[in-house]
Amino acid sequence: MLSLPTPLMPFVDALPLPPRRLAREHRGWLQVRIRTGSHRFHRDLPVSRVWTYDGSVPGPTIEAERGHPVRVEWRNELEGTLPVTVTLAPAETGPDGVPVQCLPGLSGGVPDADAASLPGFAVVHLHGGLTAAPYDGWAENLFAPGQHAVGDYAMDQRAALLWYHDHVMSVTRFTVYAGLAGLWIVRDERERGLGLPEGPPFEVPLLLQDRNFGQDPQDPQGRLTGELVHKTDPGTMEAFAPFTTVNGKVWPVLDVQPGTYRLRVVNGSNARTFRLVLLGDGGPELDRVAQIGTDGGLLRAPVAVPPQGLVLASAERADLLVDFSDLRPGSLLTLVNTATAPFDGAPFPAERARQAASLEGLLPYPEVMRFRVVPGPSPRRLATPGQLATDVAPPTAGDLAGAVRRAVALVEQGLDQAPNMLTMRELAPAPDENPGEPLITVVDQDADGQAGTVARYRTVACHFEDTVTFFPVLGQWEVWQLINLTGDTHPIHIHLDPFHVLARHAITVTVPEGGITHTTTSALVRRGRSLDDELEHAVDDNERGLKDTVRVNPNEIVELAVRFQAFSGRYMYHCHILEHEDRDMMRPIVVMPSQLEPFMT
């Protein structure tokens with residue numbers, strides 16, 4: 001079986017646009033009430049209980065001007081407990097062999113009592129913001145219902161699409177799923193000078209998420225109740241919900257005039273990766289799409305979408321220009337997802353996008369949304385600028401010649417009677433005099449495939465509460481190596497300043513029996529592609545801008561050029577699969593000014 005009957009009619013709800021909050025109209029001071037509310041995810045669903053920013057899902061889109069600080073008073077007015085039923089299904093598949101994550105309802109699971117009694121703690125992180133440490137949304141700095149927090153956001157940064165979301169320690173996967181996410185756009189005059197669409201109707205924000213719903217146990221047809229359900233199973237610790245929502249609606253439709261639209265896209269899912277393909281009657285129409293920006297704002301020049309589709313892991317963003325100007329009224333284009341889950345970077349041709357449904361790949365319904373061309377004024381085709389930005393050049397070899405080098409291993413530890421533990425293990429060069437110490441050994445290969453340079457690393461920190469080992473110095477370049485020892489793709493997010501993706505290197509990984517413990521790591525990492533490795537391990541053109549979240553695929557080392565320039569203080573970096581982040585795949589960093597270095601030895 002390749003697909004399931006669709007319990008909801010696709011493309012019947014109009015795409016909602018979140019309310020706009022322009023900071024300049026409020027003199028840079030905003031109040032956002034975090035409230036329990038109700039929301040209808042689809043025409044045929046009952047109303048769902050949700051947690052909201054200012055009463056809407058997603059929250060209001062806040063628009064700020066570069067160089068004009070914004071102060072937000074986040075008022076926690078949440079009432080009651082978590083509006084999500086959390087459950088662990090007893091088996092990976094149902095009686096008919098269908099994976100339970102492809103199905104609505106609890107699939108025999110029991111509601112988690114601790115989650116059911118969870119009150120509305122909150123802490124807000126402005127993802128992508130250059131934010132002073134006290135306001136960055138440190139996961140432990142939560143505020144309870146009846147309390148409030150004030151965030152000062154300098155907005156001294158490039159024009160870009162950011163987003164804000166809840167970040168409470170250990171339960172982010174539930175609070176974001178409950179509705180606590182919204183978009184934030186920074187604008188500047190340099191970008192305005194390009195004549196790009198700004199505001200409705202031709203600039204459209206799109207928050208992509210996946211959601212699941214409960215079923216009425218008394219209804220023989222399994223009628224959906226609208227109750228939000230976060231379901232995992234014994235073999236998959238992440239929640240890959242079957243229904244894709246865009247701006248809080250399942251499979252919506254957007255009416256577009258003949259013209260060029262600017263789509264500001266963010267993947268706000270807990271764990272699901274999207275590989276987006278635009279389909280017309282004749283097949284893929286990716287040539288209609290030009291990508292002009294990524295996480296940190298505009299690229300140097302527009303680039304084509306990768307030939308297999310636009311890949312966005314959790315928290316990644318894309319700024320797209322889509323040309324509908326030559327289409328007649330009544331024309332339909334459908335955006336679909338071809339990425340299976342858990343995502344491992346495996347290729348899938350765009351030409352087969354109509355056949356992307358996969359129960360084994362936890363993708364029962366590939367549909368994302370539809371575009372329907374309607375009559376409008378004379379076609380408004382935007383000439384795409386040849387050059388977009390001049391301030392995103394990567395560092396030179398000279399800039400990085402004396403840079404601090406850091407290495408981090410992405411590790412999954414199997415546990416008995418509990419979900420696997422995911423950690424980011426910080427590494428340090430190992431001395432040669434301790435041959436019995438558990439080490440990660442990285443072996444390069446020369447042109448003839450023979451073993452070359454060897455680097456040996458010992459594990460110096462594993463868990464979030466372990467001592468800080470990363471103390472970047474303000475203003476100085478560093479090179480980080482992210483070494484993936486797992487079988488999944490991990491979107492790694494670094495708080496504060498954006499970074500450059502320097503390279504991807506293919507590796508083969510061997511972990512001996514018992515090589516991963518609570519505090520130590522043993523593995524042999526050989527640079528070079530294995531025979532069964534299908535991935536290209538190349539930096540895509542649309543990754544050659546400023547990023548704050550990067551995909552690290554299996555069998556891969558990703559190198560980043562990192563420089564913190566905005567603020568000093570305590571920040572963090574983590575996997576943005578929320579079930580991983582909550583399961584300890586997060587580490588602190590402390591950015592320090594150079595003047596304090598003499599006093600820290």
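Good morning. I begin with a single residue, Val150, which is partly exposed, with a relative accessible area of 36%. A residue counts as partly exposed when its relative accessible area falls between the 20% that bounds the buried class and the 50% that bounds the exposed class, so Val150 belongs to that middle class. Please keep in mind throughout that the model before you is a predicted one.

Where does Val150 lie? Its place is in strand E8, which covers residues 148–153. If you look across from there to Leu30, the two C-alpha atoms are 9.8 Å apart in space, although Val150 and Leu30 are separated by 120 residues in the sequence.

Let me set a second residue beside this one, namely Glu73, which belongs to strand E5, residues 70–77. Is Glu73 buried or exposed? Its relative accessibility is 11%, and buried means under 20%, so Glu73 counts as buried. The side chain of Glu73 also has a partner: it makes a polar contact with the side chain of Arg75, at 2.5 Å.

I turn now to the strands and how they pair. Strand E20, residues 289–294, and strand E21, residues 297–304, run antiparallel and are joined by four bridges. How many residues does the hairpin from E20 to E21 pass through? The hairpin that joins these strands passes through two residues. One of the bridge pairs can be found by locating Thr294, whose partner in E21 is Gly297.

A further example is an open sheet of four strands, with antiparallel pairing and the order E34-E31-E36-E37. Why is one side of E34 and of E37 left without a neighbour in the sheet? Strand E34, residues 549–552, and strand E37, residues 586–591, stand at the edges, and each has a single partner strand, so one side of each has no neighbour in the sheet. From one strand to the next, the twist averages 25°. Within this sheet, strand E36, residues 569–575, pairs with E37 in the antiparallel sense over six bridges. Among the residues of this pair, Tyr571 has Ile589 in E37 as its bridge partner. When you view such strands, it helps to recall that in a regular strand the side chains alternate between the two faces of the sheet.

My next topic is the empty space inside the protein. Such space is shown by rolling a probe the size of a water molecule over the atoms. In this structure there are seven cavities of 30 Å³ or more. The largest cavity holds about 140 Å³ of space. It is lined by 14 residues, and those closest to its centre are Leu276, Leu278, Val289, Leu320 and Leu335. Which strands each supply at least two residues of this lining? They are strand E17 (260–267), strand E18 (274–280) and strand E23 (317–323). Of these, E18 gives the most, with three residues. In character, the lining of the largest cavity divides into 14 nonpolar residues, no polar and no charged.

The second largest cavity has about 70 Å³ of space. Its lining includes Arg66, Arg158, Asp188, Arg190, Glu191 and Asp391, together with Leu298 and Leu388 among others. The division here is four nonpolar, no polar and six charged residues.

Finally, I come to the pockets. About 660 Å³ of space lies in the largest pocket. Of the 28 residues that line this pocket, Leu88, Thr232, Met237, Pro419 and Arg583 are the closest to its centre. Strand E6 (84–88), helix H2 (172–177) and strand E13 (224–232) are the elements that give two or more residues to the lining. The largest share, three residues, comes from E6. How do the lining residues of the largest pocket divide? There are 10 nonpolar, eight polar and 10 charged.

The second largest pocket contains about 570 Å³ of space. It is lined by 32 residues, and Leu130, Asp497, Pro498, Leu546 and Gln565 lie nearest its centre. Two or more residues of this lining come from each of strand E9 (160–166) and strand E32 (499–510). Its residues divide into 16 nonpolar, five polar and 11 charged.

To close, I return to the two linings of the cavities: that of the largest cavity has no charged residues, whereas that of the second largest cavity has six. Thank you for your attention.

Definitions and conventions
Residues are numbered from 1 along each chain as its sequence is written. This is a predicted model: local features need pLDDT of at least 70, side-chain atom pairs count only at pLDDT 80 or more; totals for chains, interfaces and linings use all residues. Side-chain values use heavy atoms; hydrogens and water are left out. On a 1 Å grid over the protein atoms alone, a cavity is a set of points where a 1.4 Å probe fits but cannot get out, and a pocket is an open set with protein on both sides within 12 Å along at least five of seven lines; lining residues have an atom within 4 Å of a point. Grid points are joined across faces, edges and corners, and a volume is the space filled by probe spheres set on the points. Ala, Val, Leu, Ile, Met, Phe, Trp, Tyr, Cys and Pro count as nonpolar, Asp, Glu, Lys and Arg as charged, and the others, Gly among them, as polar. Two strands pair if DSSP finds at least two bridges between them. Axes are lines fitted to C-alpha atoms, for helices over the stretch in contact, and angles run from 0 to 180 degrees between N-to-C directions. Buried means under 20% relative accessible area, exposed over 50%, partly exposed in between (1.4 Å probe, protein chains only). A polar contact is a pair of N or O atoms within 3.5 Å; within protein, one must be able to donate a hydrogen and the other to accept it, and residues adjacent in sequence count only if both atoms are side-chain atoms.
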